[in-house]
Amino acid sequence: ARSAGPVTALVLVAIMYSSKAVALLAAFVASASAFSLAPAGLAPSAFRGNVVNAAPAAPRARSAGPVMMAGSIKALRDRVGSVKNTKKITSAMKLVAAAKVRRAQDAVLKTRPFSETLQKVLGGLIQRLKKDNFDSPLMTERPVKKVLMVCITGDRGLCGGYNTYAIKKAEARASELKKAGVDFDMICIGNKGNTYLKKRYNVIGNYAIGNAPTAAEATAISDSLLASYLAGDCDRVELLYTKFTSLVASEPSIRTMLPLSPTGLESDGDEIFTMTSKDGDFTVTKSASQPVEPAKFPKDMIFEQDPEQILSAILPLYFNGQLLRQMQESVASELAARMTAMQAATDNASDLIKLLTQQMNRQRQAAITQEISEIVAGANS
């Protein structure tokens, strides 16, 4: 009995602790059953006895929603910055084009005195030699079997529809010649026209035009055209250029350069376009000049050389001057079209920045509202 006494005490202690563990386990099971689902999806609350929704709640959007919102806000902010940079570029390109227009305008004004003097002398010689039945190969009409088309476009893009309209005019003229059964070749002045037309027509020459055509460049082109015409490779030379009308409009035009018309030489008028700035905006003023009056030579005037030789030497100079003038006018039209296109791009960028800023502000407002709603909902629970 003495040896069994301690063992009995230990058994009693174990039984006591096991009964407490069972009681705790029973209490835990009872509390867990209080939150179990009822058949209708609702169970009485273990705290106040109220009916609460015991359905599994969806994951809180505190981490997912605002993160997605912040990403979209960042994307909009980056896009606004990109559009602003593009707006700066287009605005700068507009100012650069305006400066080049003024340089082209100055070049035309500088060459004008020489052109007027040459036209006076040329008109006076033609009137003097009319009675002598003067016959120059550059002024002789002949049956047209082949035409040489000279198409002037730009070297670069980003100038609206300037190049497109010039190319369409060339294609329309080519279709007319095909319907009439007249063969033709093309010479392109400007890389844009050459890139398009050489794949579809017989382009026999290409010249760059740049932003400021020079007399040397015009001389190289006119010498090639005169050589082809005098050699009989073509019976007529037509020049397709863009006539400068205003900063927002230009007109593709076709002009017959060879053979030269005596009537056109005597009565060729001109227009002078001057670009000015007023109140931060660019404007163009147009002034029409009267046709140059032919020089009047005295009847007893003795020429050191034969008048026919003088006229034959002056006609190529006149042709070169006319070609240079049309190239300068086309360049002015291209630069004006680029100014207009860049101004439109700048305005569109401003509108897009305004729209994107509004969207970004709405996203920020929605994100802040969602954050406040989640804070209030967490405080109430």
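This passage walks through helix α3, the loop ahead of it and a surface patch on helix α7. The model is a predicted one, so local features need pLDDT of at least 70 and side-chain atom pairs count only at pLDDT 80 or more, while totals for chains, interfaces and linings use all residues. Residues are numbered from 1 along each chain as its sequence is written, and side-chain values use heavy atoms, with hydrogens and water left out.

Helix α3 takes in residues 162-179; helices here are DSSP runs of H or I with at least four residues, strands are E runs of at least two, and both are numbered from the N terminus. At 1.5 Å a residue, its 18 residues should span 26 Å (1.5 Å times one less than the number of residues), and the end C-alpha atoms do sit 26 Å apart, which agrees. On α3, the buried residues (under 20% relative accessible area, 1.4 Å probe, protein chains only) are Tyr 162, Asn 163, Ala 166, Ile 167, Ala 170, Arg 173, Ala 174 and Leu 177. They cover an arc of only 125 degrees around the axis, taken from the directions to the C-beta atoms, which puts them on the same side of α3. The face turned away from that side carries Lys 168 and Lys 179, both exposed (over 50%). After α3 comes Gly 181, with a positive phi near 75 degrees.

Ahead of the helix, Thr 153 sits in the loop between β3 (146-152) and α3. Thr 153 counts as buried because its relative accessibility is 0%, and its side chain reaches the backbone nitrogen of Gly 193 at 2.8 Å.

Over on helix α7 (residues 307-380) lies Ile 368.

Note on methods. A polar contact is a pair of N or O atoms within 3.5 Å; within protein, one must be able to donate a hydrogen and the other to accept it, and residues adjacent in sequence count only if both atoms are side-chain atoms.
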